[in-house]
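Biologist: Could you take a close look at one part of this model for me, the place where the two chains meet, and set it in the context of the chains around it? I would enjoy a connected walk-through rather than a list.

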Amino acid sequence: MSRYLGRRLLQFIPTAFGILTVLFILTYLMPSDPLRAVLGEQYRRLPPEVVEGIREELGLNQPFLSQYLGYVGRLLRFDLGRSYILEQKVIDIIGYRLPHTFQLMLGGLLVGGVIGIGSGIAASLRPGRWLDHLLTGLALVGASIPVFWLALVLQLVLTQDKYGAALFPVAGYESGSIRHLALPSLVLGLNLASGLSRVSRAAMIEARSRDYNLTARMKGLRSRAIIQRHQLRNALIPILTVLSLDMGYLLGGSVVTETIFNWPGLGRALIPAIDRRDTPVIMGILIFGAVLFMLINLVVDVLYGIIDPRIRLEK
Amino acid sequence: MTPRVAGLADSRPSRKRIFLTRPRVLVGGILIAIWLCGALLADILAPYPPLEPHYSHRLAPPDAQFLLGTDELGRDLFSRILYGSRISLTVGVVAEGIAASIGLCVGMLAGWFGGWIDDLLMRVAEVFFAIPALMFLIVWVTILESTPLLIFVGLGLISWAGLSRVMRAQVLALKSMEFVIAARSIGVSQWGIMYRHILPNAIGPVLVLIPLGIGGAILSESILSFLGLGITIPYPSWGSLVDTSRNYFTTAWWYAVFPGAAISLAVLGFSLLSEGLINP
């Protein structure tokens, strides 16, 4: 197990570096002068010598390689730089916004997990029957609906009396308010649920075909116990895999959801940062997102071992 | 004739029967056909030019004159959605074409050569797998401009990794088959074997995933458009229609609802087709 973990950690480093490099090259290639973002209105008014002075101060006149190495060096000390526009360190911006995004992701995960896994199991109990057809059909439709549209339609029918009922606030964030969190979580979760539902159904059906079911039945176990203790536990592995890959979707989807619902998370900071070409903020949020995503995958790998002793004992 | 993997050829239903015996394939095919017709025949089918304003009918609800209502300048929404289908379908097909080409090549090379080539390529695939797709696309288009070509390439770049893994697994399974060894022993070159023997036998499981990928690309483009970063020239894509509709969303429900429904129906068609082909 520890060797397995060690190998996974070693793989983690080159992948993280790869992502960092790709992102750095992309932001380096950004066509507009970053100083335009730094100086705003003053960019045109200030004499060129002053502009060049600031450029030198920020290290933006150095060749690509030394800028890159400098960034990596600072990153290793957890220094993501300062925003060009806001008077804040990038790490502080992330620190302030991250909990909000986490809340949203957790809400989405909860909605998606309960509805997705639940409906998947329900569909798997009698494959080919009407409930199965209905649920798999719904899952396909759910996966085809764009997040932003789902958000708008739900806003249309659930936040105003004109076409529906005003059950939830249209948008916004209030600390500790479940009503504000409900709609964004639902939007984020429903899309997640459709993918999860299909995987859980397939995994449960696959688990059903195994010989251990026969043994369990011969032992005299009831169906419920077989499903809970044997099938579900075996089906958890593929479900977890998809769930961990879905974290990337949750991160990306939260950008859209936060924008629509005016939710003060990372995505809500990313879009204006891109508009204003605030490179340090863009880089910081993206690298943070990618590393977070990889860390979640790593944790899931460890979870495999806990759930399934066969994986733990291998090698 | 290329040799087929034993047992596969016999159990395969004919093309006609696939459509008749699998309702998902049939429904998916019909949906795709409808959108294809809409896109190709937009000039004939659209009741109005997509950019023609009718100032006395601004934000008119759906009626006999304007089937799906009008937008803030009185332009016919039905016509705009028809023309928008051209953009969405093109994005889906071209982007997924790029992704499939990359995925097939990478999977083939990694599976066939193995060793460090495999390690390197799969590590690269992992990097692309680990970058959250939407975040990558947002950065991609803001940095490199939202031209159609760059959107195609960006979408292709972010979605090949999964296909390459499927392809690699296929190649690995086929590599040690007898007909490959036979071809080797009579002196067929490596590239010849890859092209003539491995590719035709390995491509099936990749091909059935392609409609799903097209749907995914349409969805991603619509999200970009919704964020104001998608294709708007010469006519707005479906996503940007929904984006503009947000300003009138309390007064004109049809403006937001119909373009979004168009996206969902197109994506649904492609996913149904893939689903039906993968699971009999």
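Modeller: Happy to. One definition before we start: for charges, Lys and Arg count as positive and Asp and Glu as negative, while His and the chain ends are not counted. With that in hand, please keep in mind that this is a predicted model, and that every value below is computed from it.

Let me begin with chain A. On that counting, chain A carries 32 positive and 21 negative charges, and the mean positions of the two sets are 14 Å apart. The chain is built from 14 helices and has zero strands, so its element string is simply α repeated from the N terminus on, given that helices and strands are taken as DSSP runs. The C-alpha trace of chain A spans about 85 × 60 × 30 Å along its principal axes. Of its 315 residues, 47% are buried. Chain A exposes about 16000 Å², with 64% of that supplied by carbon and sulfur atoms. Looking at contacts with a separation of 6 or more, 71% are between residues 24 or more positions apart.

Chain B can be described in the same terms. Its secondary structure comes to 15 helices and zero strands, and its C-alpha atoms fill a box of roughly 75 × 45 × 25 Å along the principal axes. Among its 280 residues, 51% count as buried. The accessible surface of chain B is about 12500 Å², and carbon and sulfur atoms account for 68% of it. For contacts between residues at least 6 apart in sequence, 71% join residues at least 24 apart. Chain B has 18 positive and 16 negative side chains, and the centres of those two sets lie 11 Å apart.

Now to the part you asked about. Where the chains meet, 42 residues of chain A are in contact with 40 residues of chain B. The area buried between chain A and chain B is about 3800 Å², and carbon and sulfur atoms give 80% of it. Three residues stand out on the chain A side: L26(A), F148(A) and W149(A) supply 16% of the area that chain A buries against chain B, more than any other three residues.

A good residue to zoom in on here is S144(A), which lies in helix α7, residues 130-144 of chain A. Leaving out residues up to four places away in sequence, S144(A) touches L219(B), I263(B), S264(B), V267(B), L268(B) and S271(B). The relative accessibility of S144(A) is 1%, so this serine counts as buried. The cut-off behind that word is under 20% relative accessible area.

For contrast, here are two positions whose contacts are with chain A. S185(A) sits in helix α9, which covers residues 178-208. Setting aside residues up to four places away in sequence, S185(A) touches L104(A), G107(A), G108(A) and V111(A). At 4% relative accessibility, S185(A) counts as buried.

The other is G284(A), in helix α13, residues 279-307 of chain A. Its relative accessible area is 1%, so G284(A) is buried as well. With residues up to four places away in sequence again left out, G284(A) touches Y71(A), L80(A), V90(A) and I94(A). You can also check one distance on the display: G284(A) and L75(A) are 209 residues apart in sequence, yet 9.4 Å apart in space, C-alpha to C-alpha.

A backbone detail in chain A may interest you too. Most residues other than glycine have a negative phi. N262(A), however, has a phi near 55°, a positive value in a residue other than glycine. The place of N262(A) is in the loop between α11 (223-261) and α12 (266-275). With 43% relative accessibility, N262(A) counts as partly exposed.

Finally, a word on cysteines. The structure holds zero disulfides over all chains. In chain B, C37(B) is partly exposed, with a relative accessible area of 40%, and C105(B) is partly exposed at 48%.

If you want one view to keep on screen, I would centre it on S144(A), a buried residue of helix α7 whose contacts include L219(B) and S271(B).

How values were computed: Residues numbered from 1 in each chain as written. Chains lettered and ligands numbered in written order. Predicted model: local features only at pLDDT ≥ 70, side-chain atom pairs only at ≥ 80, totals over all residues. Heavy atoms only, no water. Helix = DSSP H or I, 4+ residues; strand = E, 2+ residues; numbered from the N terminus. Buried < 20%, exposed > 50% of the residue type's maximum accessible area, 1.4 Å probe, protein only. Contact = heavy atoms within 4.5 Å. Areas by Shrake-Rupley, 256 points an atom, 1.4 Å probe, with all protein chains shown as cover. Charge placed at Lys NZ, Arg CZ, Asp CG, Glu CD. Disulfide = S-S within 2.5 Å. Buried area = accessible area lost by both parts, 1.4 Å probe.
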